[in-house]
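Thanks for sharing this one. Here are a few notes to read alongside the coordinates.

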Amino acid sequence: MDVYLFVDFGSTNTKVTLIDIEREEIFATAKAYTTVETDVMIGFRNAMQQIQEVYGTDFHIKQSLACSSAAGGLKMIAIGLVPELTSEAAKRAALGAGAKMIGTYSHNINKSETREIINSNADMILLAGGTNGGNSECILHNAERLAEFGVQVPVVVAGNKSALDDIEEIFEGKVDYYVAENVMPKLNQLNVESARETIRTIFMKNIIKAKGMTHVMEELSGIVMPTPAAVLTAAQVLSRGTDDEDGMGDLAIIDIGGATTDVHSIAEGAPSKPSVFLRGLEEPLAKRTVEGDLGMRYSIPSVVEVAGKRMLRSYLGGAEYDIDEEIQKRNSNPSFIAETDRDLTFDLAIAKICSRISMLRHAGEVEQVYSPTGLMYQQTGKDLMDLPVVIGTGGILVYSEAPQEILEASKFTMEEPQSLKPRRPKFYLDQKYVLSAMGLLATINPDMAVRMMKKYIGKVGA
């Protein structure tokens, strides 16, 4: 039997998925502790051994691909000109490439900011600034600062093309740099694909060397992309389909984890009402946001801080809890598994808050403005009110007896009247954790990826 082998080197567990190519079915899955401190291939081999003990060895691996978020994933810093424009454009490009943003800087960086950047644990820097033909002084100043302080990580230059010649002179022989298209070539115009692909290419070539993955290439075809980028790739192909397979149309994915909650949306997000006009930076078709203060374990203290105990109690249904004690129990032991009804109820409440606030931040909002022609409405961000599909993934959703309740919390309510969150979406669940594997499969057989996601991502609720 011929199979595809897909591996997700996670920060905690390494997940292995074998796909029966002929039947287009999941043949086997397994997971083992990620041994990133020594050699990640040990954890991979442990997972493969589990599969062989159950299914034997009567299969032939036709192709093997991997994604990774081990050792914290791909950590990036974005530098731009104006916070709301080129800095934001750079941030969106990095997030779309699967990065975890650990810092965003604007205008001319000073010496203390440069030291922060140099001394950070960033794997890569995205240097932007200025529209094409516009301001060059800022990006040149920031390039000189990075070179002067001896930046050691790769720098992706994605700013004003008029400054490229000078930047190349500044960086030549001093900085490991790569050139991509300007992330904002015109005012409020977003152009992230070139930067995304450049970031992914550098990730494959350079970053895995620093993650205990030296031996990956000996047994696998290679690490194709960061895990979040694999999920976004899966979302795109599932949404838009291929020449031969119909997609599901516009959709969003909510991924609730222990440390973060990620939201991916594939939708134009243009205003749905004629009286609404857009303000600010345009939105990418494929958008990813990461909420580092929303998570089930590592980030649970900030979840309660952001939401407030009043919101948490509203989701606890009147049950009495020592909230501080419950937070400590989970935060001090990230591997804690809820088993009692009380613990399950508390986890369900935290998950609902993660779902609600992450979608609130991801979706756009609208506000009233007065113009010479009368009252109008101004939209920033994506209008997702008519979004038809929301897909849930992550342990709390996959193993919960009430995944629909968690996803329902992401819907629009009059408690947040300015929000453009989905009003009446249908909910689906990634029951077999296939999304990252399907993102990898989409790079070699997108038709099969679409068919398999339709098979394994099931509808929940009415």
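1. Met76 is a good place to begin in this predicted model. Leaving aside residues up to four places away in sequence, Met76 touches Ala94, then the run Ala99, Lys100, Met101, Ile102 and Gly103. Met124, Ile125, Leu126 and Ile199 complete the list of its contacts.

2. Met76 also belongs to the largest nonpolar core, which has 47 residues; together with Phe9 and Phe44, Met76 touches the most other members. Helix α1 gives the most to this core, with six residues. As general background, nonpolar side chains in soluble globular proteins tend to be buried together.

3. Do have a look at α1 itself, residues 40-55. Its 16 residues should span 22 Å at 1.5 Å a residue, because the expected span counts one less than the number of residues. The end C-alpha atoms are 23 Å apart, which agrees.

4. Which residues of α1 are buried? They are Val40, Met41, Gly43, Phe44, Ala47, Met48 and Ile51. Seen down the helix axis, these buried residues fall within an arc of 160 degrees, so they line one face of α1. After the helix comes Gly56, with a positive phi near 80 degrees.

5. Further along, please check the pair formed by α9 (residues 300-307) and α11 (residues 323-331): their axes come within 9 Å and cross at roughly 145 degrees. On the α9 side the contact is made by Ile300, Pro301 and Val304, and on the α11 side by Ile323, Ile327, Arg330 and Asn331. By class, that contact has five nonpolar residues, one polar and one charged.

Key. Residues numbered from 1 in each chain as written. Predicted model: local features only at pLDDT ≥ 70, side-chain atom pairs only at ≥ 80, totals over all residues. Heavy atoms only, no water. Helix = DSSP H or I, 4+ residues; strand = E, 2+ residues; numbered from the N terminus. Buried < 20%, exposed > 50% of the residue type's maximum accessible area, 1.4 Å probe, protein only. Arc of directions from axis to C-beta. Core = buried A, V, L, I, M, F, W, Y, C linked by side-chain atoms within 4.5 Å. Contact = heavy atoms within 4.5 Å. Axes fitted to C-alpha atoms, helices over the stretch in contact; angles between N-to-C directions. Nonpolar A, V, L, I, M, F, W, Y, C, P; charged D, E, K, R; others polar.
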